[in-house]
Amino acid sequence: MAVIQMEQRDSTIVALLNAMGPYWTLVIPLVLAIRFTYYRYASPLRRHPGPFLASGSRAWKVWSTWSGHTEMDHIRVHERYGPIVRIAPDELSLASPKAAREVLAADKGFHKTDFYKVFPPPENPDIFTETCEAVHAVKKRHASNPYSMATMHTMAAFIEDTQRLLVDKLDRMCKAQDQYCNLGNYLHYFAFDVLGEVAFSRKFGFLEAGFDVEGAIKLIDDIQWYDGIMGQISEWDYVFRRNPLCKYIPSFDIGNNLVTRMALDEMAKRKRSGKPTERKDLLSQLFDAHAKAPEAFEEGDVFAVAHGAIMAGSDSTASTMQSFSYHVLRDPTIYANLKKELDEAAAAGKLSDMPQWSETQALPYFQACLKEGMRLRPAVGLNICRLVPLEGAEIGGQFFPGGTRIALNGWVLHRDKEIFGHDPETFRPERWLEGDAKMMERFMFQFGGGAHLCIGKNLALLEMNKTLPLLFRDYEMRLLRPDEELQYHSTFFVVQSGLEVRISQRRKA
Ligand code: HEM
């Protein structure tokens, strides 16, 4: 049906171009100009301020996403135009964390937009890419047990396996003459390998190799950059990646990636064997969910969800650990405070060699640093976007017409002075110890919110709570370039580079 509709649309376009004859070079710009003028001056959203280009076309959003620093553009436009900014003809960005909570609330009828449809696999949407709320709710319900904190604790051993490998690598760097460590890269390799273990009981081999094998991580980042841009103009995806000719362009062939190949391979192996695996990893738990409800949670969903976990969970967790490390190492007082807390806990026998979840929950300064990192530099750099229900909706006392896209950017929301204090640009863990931490936490969006709250939150928190205290207790690290900002660009996630340190042993475990 969809194919027939596409063919009809294509033939209508060809017929129109024929009818225009040689005048199309004039007619098309004229139509675009009329459309731009209509959006700018006659659309119901015209009263909202914003960049000129954004009021009549999606070009501002495309350009901003392409630039890799859309989160900074959003901060700037809110500073200039106020709390509601028109960032595309049909899209408004909101800066208020209170309004964001209303938009994301599960029962308000806001849907994900077609932005998400671009993210692969389009033929079998996973929990992240599914835009139909009813279908999404069914998929999420079946996948939620494998992601629960209780299940995650049973997977702690998988994380520890990978931690041991990381420690082994860092120990070697401590003994090297230059004591050089690209901590950012190693955290990235670690996050991918942990997810390989958790999802498929197999590491991808990044840590072992000490480099981005086959450029797989870079390829995933490039694909996500493409997805982020194309998500702003999703119909153009049919011209590019979904164009049948594109399967001949290797960089567009997602299935060719090491991570996807390994996931497909593991899936095929399990299906061939037909027996339950010894380790209850994510894939085997998803197979169990499929066995219990084969029609509601299909076999395709098993792969989509397990594979989606790698795509959604690796860059995000790595980025959060990198932000934490960078900000702590950059400030000698904060670094000293953290080491003191970790040393005291270790000396009191309250921090095991492999730190446990319950132990790290009792480290208030560490928790404050972690929250502050997620506040100042949330791992998702692009907006998350929702559609106002057809009948329209009131948000924060203002009415928004049905079909309006509402964009929420964590970098903007987490800088709200009313919620987070007068100095939101500063990395200051103390704000979580002296202020109303419970209230601030209600307005943190690093894991999204409502019905679409990150399903991997428990895993990410477990992984970070086990790994960061271990690193900061056992190693002394010094930034190679303490005066330089950490380099990054936003694809969907904030992909960072340049977190390089000199590393030495602090405590022999
Ligand atoms: C620190 C690490 C992480 C951060 C900061 C993070 C952030 C987010 C955010 C902001 C969303 C909401 C997106 C939206 O509404 O458009 C989200 C959703 C999601 N995340 Fe995460 N994530 C992290 C780790 C993980 C992990 C480890 C996994 C999987 C193993 C994962 C899987 C997902 C999925 C499947 C969704 C879609 C949920 C839904 O729509 O119901 N994430 N994440």
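1. Helix axes here are lines fitted to C-alpha atoms, over the stretch in contact, and angles run from 0 to 180 degrees between N-to-C directions. The model under discussion is predicted. In it, helix 9 (residues 156–175) packs with helix 23 at an angle of about 35 degrees, and the two axes are 10 Å apart. The crossing of helix 9 and helix 23 is right-handed.

2. On the helix 9 side of this packing are Ala-156, Ile-159 and Gln-163. They meet Leu-462, Glu-463, Lys-466, Thr-467 and Leu-470 of helix 23. By class, the residues of the contact between helix 9 and helix 23 are 4 nonpolar, 2 polar and 2 charged.

3. Helix 23 (457–474) also belongs to the ligand's surroundings. There are 22 residues around the ligand, and Gly-313, Ser-316, Gly-448, Cys-454 and Gly-456 come nearest. Helix 15 and helix 23 are the elements that give two or more residues to this shell. The largest share, 7 residues, comes from helix 15. The shell around the ligand divides into 12 nonpolar, 9 polar and 1 charged residues.

4. Helix 15 (residues 299–330) has a part in the nonpolar core as well. The largest nonpolar core has 128 residues, of which Ala-199, Leu-286, Ala-306, Ile-406 and Leu-408 touch the most other members. Helix 15 supplies the largest share of this core, 14 residues.

5. What is Ala-199 in contact with, leaving aside its neighbours within four places in sequence? Its contacts are Asp-281, Leu-282, Leu-283, Ala-306, Ala-309 and Ile-310. One of these, Ala-306, is also among the core residues that touch the most other members.

Conventions. Residues numbered from 1 in each chain as written. Predicted model: local features only at pLDDT ≥ 70, side-chain atom pairs only at ≥ 80, totals over all residues. Core = buried A, V, L, I, M, F, W, Y, C linked by C-beta atoms within 7 Å. Buried ≥ 20, exposed ≤ 12 C-beta atoms within 10 Å, placed from the backbone. Helix = DSSP H or I, 4+ residues; strand = E, 2+ residues; numbered from the N terminus. Contact = placed C-beta atoms within 7 Å. Near = placed C-beta within 6 Å. Nonpolar A, V, L, I, M, F, W, Y, C, P; charged D, E, K, R; others polar. Left-handed = near helix turned anticlockwise from the far one by under 90°.
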